[in-house]
Amino acid sequence: MQWTTEQRYTRIEDISEKDWKELKKQVDRSPWRQTYHIQPETGLLNDPNGFSFYNGEYHLFYQWFPLGPVHGIKYWYHTKSKDLVHWENAGIAIRPNDEIDSHGAYSGSGIEHNGQLYLMYTGNTRDEQWVRHPKQNIAVMDEQGIIKKWETPVIDHVPDGYTDHFRDPKVWKENNTFYSIIGAQRIDKTGCAVLYSSPDMKNWTFKGEIQTDLPHFGYMWECPDYFTVDGQGIFVFSPQGIAPDGDQYHNIYQSGYVLGNLDVQTQTMQHSEFHELDRGFDFYAPQTMEAPDGRRILVGWMGLPEMAYPTDEHGWAHCLTLPREITIENGRLMQRPVRELKNLRGIKMEASAQLHDEVKTFDSFSGTAFELVCSFEIQDADSCGIEIRVNETEKTVITYDAIHQRLSLDRTYSGALADSEYGTVRSCFLDTKHVTFHLFVDSSSLELFVNDGLEVFTSRIFPSEDCTGIRFFAKGGRASCQAVKWTIG
Ligand code: FRU
């Protein structure tokens with residue numbers, strides 16, 4: 001279905017109860033509704049926003065167009081949790097119903113200040129000529145969860161030298177000063193990020209552009225985030241317009257980081273190369289927060305813009321990833337599923353086998369929503385791996401090719417396909433004799449953590465409902481395999 005501009009700008013407040021119920025019914029019938037991931041009740045979810053801990057709870061908001069699986073007028077939807085894994089829907093947080101955000105309450109972040117949660121976000125506005133005027137706005141949430149917008153933007157124009165692609169403020173506090181990093185596009189149509197500072201979250205001063213070694217790296221940088229882990233600065237952003245290169249950059253848009261410490265006075269940064277955060281098909285616009293115990297936690301959008309997904313015909317699209325802990329070990333960024341995910345574990349099963357050029361199943365190892373940890377010790381096998389969500393014709397395959405030292409995720413036969421224009425296999429280099437796969441599988445997704453967080457592959461998959469099989473294999477020789485599985489839900 002083609003959506004007209006008018007339909008995309010229809011607000012949830014303007015549709016009838018009957019139409020709303022119809023849409024909900026259509027979504028509820030979808031076989032691909034997730035069981036333990038944050039997903040929209042209806043319509044389209046995109047970026048995680050305002051991820052924070054405030055008043056004893058984690059708060060995680062997301063971009064939401066309620067009325068269909070398209071990028072229409074965006075709201076902020078609010079979810080909250082005491083443990084990062086059981087999330088409660090708390091309703092709409094920011095409605096794009098004012099002059100300062102008339103065409104969408106776009107992405108932004110949250111920070112506690114004066115006992116309240118300050119949400120800084122981009123108000124997307126357009127004038128009669130349909131020219132965009134991005135505003136940076138504040139909404140404040142109190143202890144009762146009541147959110148009030150400030151009437152005037154705190155940054156109401158784009159500084160000279162940048163286009164109207166200027167959005168997604170991420171705020172942090174350093175030495176009593178607030179900083180906000182904003183994604184931007186220079187007038188020569190190259191992407192970058194800029195920095196503002198403020199003593200009080202109200203008065204903001206433009207400090208300048210972040211000086212990186214990536215002056216020509218795509219045409220727009222969305223959703224920047226800057227933080228430190230054990231003193232190491234990490235700058236995460238989502239550049240658009242990067243061409244594929246070897247195993248990298250095969251999705252429509254990318255998401256990654258450079259390691260480097262930002263000098264907020266000079267906006268300079270000596271940094272490493274850019275690395276993708278995730279090797280999978282569906283990952284974009286991540287945002288991080290610091291947990292009360294000091295851990296750095298990241299959540300991403302398990303989806304990408306401008307792509308068709310099989311749930312579109314069911315009136316909804318996308319979900320968020322599970323939260324991950326970010327650490328720096330031996331100079332490498334590691335990502336592990338948050339330890340609280342153990343709270344979701346149900347029935348436990350264990351199995352092990354010596355595989356010799358064979359494909360094996362284990363009794364009771366099956367399911368559509370589960371956690372699985374599987375280690376292979378490679379003796380002389382050429383390759384080994386796991387197949388999940390298997391039936392007669394469908395399967396999702398994870399392979400470690402020991403000859404070429406490559407790890408790959410293949411969703412060619414996973415069932416219904418998301419846009420296959422961008423390929424159906426993702427790979428990366430991995431040199432190991434011992435490979436561990438840690439999987440979180442839900443009705444329509446797979447998150448694969450490899451070798452204790454060294455690599456992550458995140459992917460939506462849309463298998464038939466009877467795809468419950470799990471198989472383990474070694475080809476061209478021997479490998480031993482040990483597996484533990486827990487049901488979830
Ligand atoms: C990234 C993004 C952001 C923007 C938001 C709008 O996916 O394009 O740059 O704020 O989505 O929904």
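This passage goes through the confidence, the annotated domains, the ligand surroundings and the nonpolar cores of a predicted model.

Confidence comes first. The protein chain has a mean pLDDT of 97, and 100% of its residues reach 70 or more. The scores for the model are ipTM 0.99 and pTM 0.98.

Two domains come from an unreviewed UniProt entry. Residues 37-337 carry the annotation "Glycosyl hydrolase family 32 N-terminal", and this stretch turns out to be 54% strand and 0% helix, with its end C-alpha atoms 13 Å apart. Residues 340-482 are annotated in UniProt as "Glycosyl hydrolase family 32 C-terminal". Here the chain is 59% strand, again with 0% helix, and the end C-alpha atoms sit 23 Å apart.

What surrounds the ligand? A shell of 13 residues does, with Gln63, Tyr106, Ser107, Glu222 and Ala285 the closest. Strands β1 (43-54), β5 (105-113), β9 (162-174) and β13 (220-229) each give two or more residues to this shell. As for chemistry, the shell is a mix of five charged, four polar and four nonpolar residues.

Then there are the cores. In soluble globular proteins, nonpolar side chains tend to be buried together. The largest nonpolar core here has 83 residues, and those touching the most other members are Trp76, Ile94, Leu119, Tyr121, Ala193, Phe235 and Tyr257. Strand β2 (residues 57-65) is the top contributor to this core, with six residues. Looking past its neighbours within four places in sequence, Tyr257 contacts Ile234, Phe235, Val236, His275, Leu277 and Leu333. A second core, separate from that one, has 45 residues, among them Phe365, Cys384, Cys467 and Cys481.

Methods. Residues numbered from 1 in each chain as written. Predicted model: local features only at pLDDT ≥ 70, side-chain atom pairs only at ≥ 80, totals over all residues. UniProt positions renumbered as here; feature names shortened; annotations may be inferred. Helix = DSSP H or I, 4+ residues; strand = E, 2+ residues; numbered from the N terminus. pLDDT = per-residue confidence, 0-100. Near = placed C-beta within 6 Å. Nonpolar A, V, L, I, M, F, W, Y, C, P; charged D, E, K, R; others polar. Core = buried A, V, L, I, M, F, W, Y, C linked by C-beta atoms within 7 Å. Buried ≥ 20, exposed ≤ 12 C-beta atoms within 10 Å, placed from the backbone. Contact = placed C-beta atoms within 7 Å.
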